[in-house]
Amino acid sequence: LMRSNARLWSEFYAGSVTYNVMPGTFASRRAYMSMTEGQSRRHRFFSAYDQWEMFVPLSKVGDCVAAVADRLYNSDDEAWRGFRTQFLMRLTNKESGYLSYSSDEPVMGFNMEDYVQYNNDGKNDAFQAVMDVFRSPVCGPARVHWGKAGWDQSRGQEVCFDGAAEFPNTWCDFGCAVSELDPNGKFAGISTKWQWAASSKSSSDVVVEFAQCCGPDGFKKDMCTCESVLPAEC
């Protein structure tokens, strides 16, 4: 059922979340918008979904939204049919964390849910077409939420993730922190994206041992350049 009738399901979900967004004055716990226990149980058996969130630099939000809207509503494949729920949006101020989505400027997060793929043999091309817009230069490209969908081994943002390009000012700082706190790679996991490389600014950009570019204050940006580490197929 979920693979078709996009408008019907959109209206259904808009009505079903009315309880969650009712205005009022609540105790601290209820002041945070969240699904009820009953809603969570129903989703478990009725409508499995993947949740994506893309973070767009605030300076690019206007152009990005226009491009996303154009792809949704002005394309021959009617990409809006790949969605069943409305986008949720939030603003995050600039933060100092090395892997923060807003490490360089404030961002707007766009939360989107894919209810179609698990009811359509694992495919939702229309939804992915919109994700491609978010990952294009007009939207940043937007950074993908670390803890939500999008990091499958079959997807480009996992296989061809380029930390030096995604986080140009902080990626190698994080690599230095990893080298110091987890020198033996105990927490490395199976992902291939947690790799770092650097070159010397004083030796014609010759690649050097990464540890040589790390110091007490993180990556030595005055001496080294943070380099990309990508598989040959990328």
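This is a guided tour of one structure, stop by stop, with a suggestion at each stop of what to select in the viewer. Keep in mind throughout that the model is predicted.

**First stop: the sheet**

Begin by showing the strands as a cartoon and look for an open sheet of 4 strands, which run in the order E2-E3-E1-E4 with antiparallel pairing. Strands of a sheet pair through backbone hydrogen bonds, and the pairing can be either parallel or antiparallel. If you follow the sheet to its edges you come to E2 and E4, each of which has a single partner strand, so one side of each is left without a neighbour in the sheet. Now select strand E1, residues 50–57, together with E3, and you will have a pair that runs in the antiparallel sense over 8 bridges. For one of these contacts, pick Phe 55, whose bridge partner in E3 is Gly 109.

**Second stop: the nonpolar core**

In soluble globular proteins, nonpolar side chains tend to be buried together. In this structure the largest nonpolar core has 40 residues, and a good way into it is to select Met 131, Phe 134, Trp 171 and Phe 219, which have the most contacts inside it. The elements that give two or more residues to this core are E1, helix H4 (61–73), E3, helix H5 (125–134), H8 and strand E9 (224–227). Which element gives the largest share of this core? Colour H5 to see it, since the largest share, 6 residues, comes from that helix.

**Third stop: the aromatic rings**

Next, show the side chains of the aromatic residues, among which the structure holds 18 aromatic pairs. A pair of aromatic rings is described by the distance of the centres and the angle of the planes. Select Trp 171 and Trp 194, which form a stacked pair with 5.7 Å from centre to centre and 20° between the planes. Trp 171 lies in helix H8 (residues 171–181), while Trp 194 lies in the loop between H8 and strand E5 (197–200), so this pair ties together parts that are 23 residues apart in sequence. Are these two rings buried or partly exposed? Trp 171 counts as buried, at 2% relative accessibility, whereas Trp 194 is partly exposed, with a relative accessible area of 27%.

Keep Trp 194 selected and add Trp 196, because the two form a further aromatic pair, this one tilted, as an angle of neither under 30 nor over 60 degrees counts as tilted; here the values are 6.4 Å centre to centre and 35° between the planes. Trp 196 is buried, with a relative accessible area of 18%. To see the wider setting, extend the selection to Trp 146, Trp 151, Phe 161, Phe 167, Trp 171, Phe 174, Trp 194 and Trp 196, which ring pairs link into a cluster.

**Fourth stop: the salt bridges**

Turn now to the charged side chains, where the structure holds 8 salt bridges. Select Glu 158 and Lys 193, whose side chains meet in one of them at 2.7 Å, N to O. Glu 158 lies in helix H6 (residues 156–159) and Lys 193 in the loop between H8 and E5, so the pair ties together parts that are 35 residues apart in sequence. Glu 158 is buried, with a relative accessible area of 2%, and Lys 193 also counts as buried, at 10% relative accessibility.

Then move to Asp 104 and Arg 143, whose side chains meet in a salt bridge at 3.0 Å, N to O. This pair links distant parts of the chain, 39 residues apart, with Asp 104 in the loop between strand E2 (88–92) and strand E3 (107–114), and Arg 143 in strand E4 (residues 143–144). Asp 104 is partly exposed, with a relative accessible area of 32%, while Arg 143 is buried, with 8%.

A further salt bridge joins the side chains of Asp 77 and Arg 71 at 2.9 Å, N to O. Asp 77 counts as partly exposed at 44% relative accessibility, and Arg 71 likewise counts as partly exposed, at 22%. Before leaving this stop, select Glu 53, Arg 90 and Lys 148, which are linked in a network of salt bridges.

**Last stop: a patch on the surface**

Finally, switch on the surface and select Tyr 19, Met 22 and Phe 26, which form a nonpolar patch there, with about 310 Å² of accessible area together. Phe 26 lies in the loop between helix H1 (6–16) and helix H2 (28–31), and this residue is partly exposed, with a relative accessible area of 32%.

Methods: Residues are numbered from 1 along each chain as its sequence is written. This is a predicted model: local features need pLDDT of at least 70, side-chain atom pairs count only at pLDDT 80 or more; totals for chains, interfaces and linings use all residues. Side-chain values use heavy atoms; hydrogens and water are left out. Rings of Phe, Tyr and Trp (its six-membered ring) pair if their centres lie within 6.5 Å; planes under 30 degrees apart count as stacked, over 60 as edge-to-face and the rest as tilted. Buried means under 20% relative accessible area, exposed over 50%, partly exposed in between (1.4 Å probe, protein chains only). A salt bridge is a side-chain nitrogen of Lys or Arg within 4 Å of a carboxyl oxygen of Asp or Glu. Two strands pair if DSSP finds at least two bridges between them. Patches are made of residues with over 30% relative accessible area and no salt bridge: like charges are joined within 9 Å, nonpolar side chains (Val, Leu, Ile, Met, Phe, Trp, Tyr) within 5 Å. Accessible areas come from the Shrake-Rupley method with a 1.4 Å probe; for residues, only the protein chains shown count as cover. A nonpolar core is a set of buried Ala, Val, Leu, Ile, Met, Phe, Trp, Tyr and Cys residues joined through side-chain atoms within 4.5 Å.
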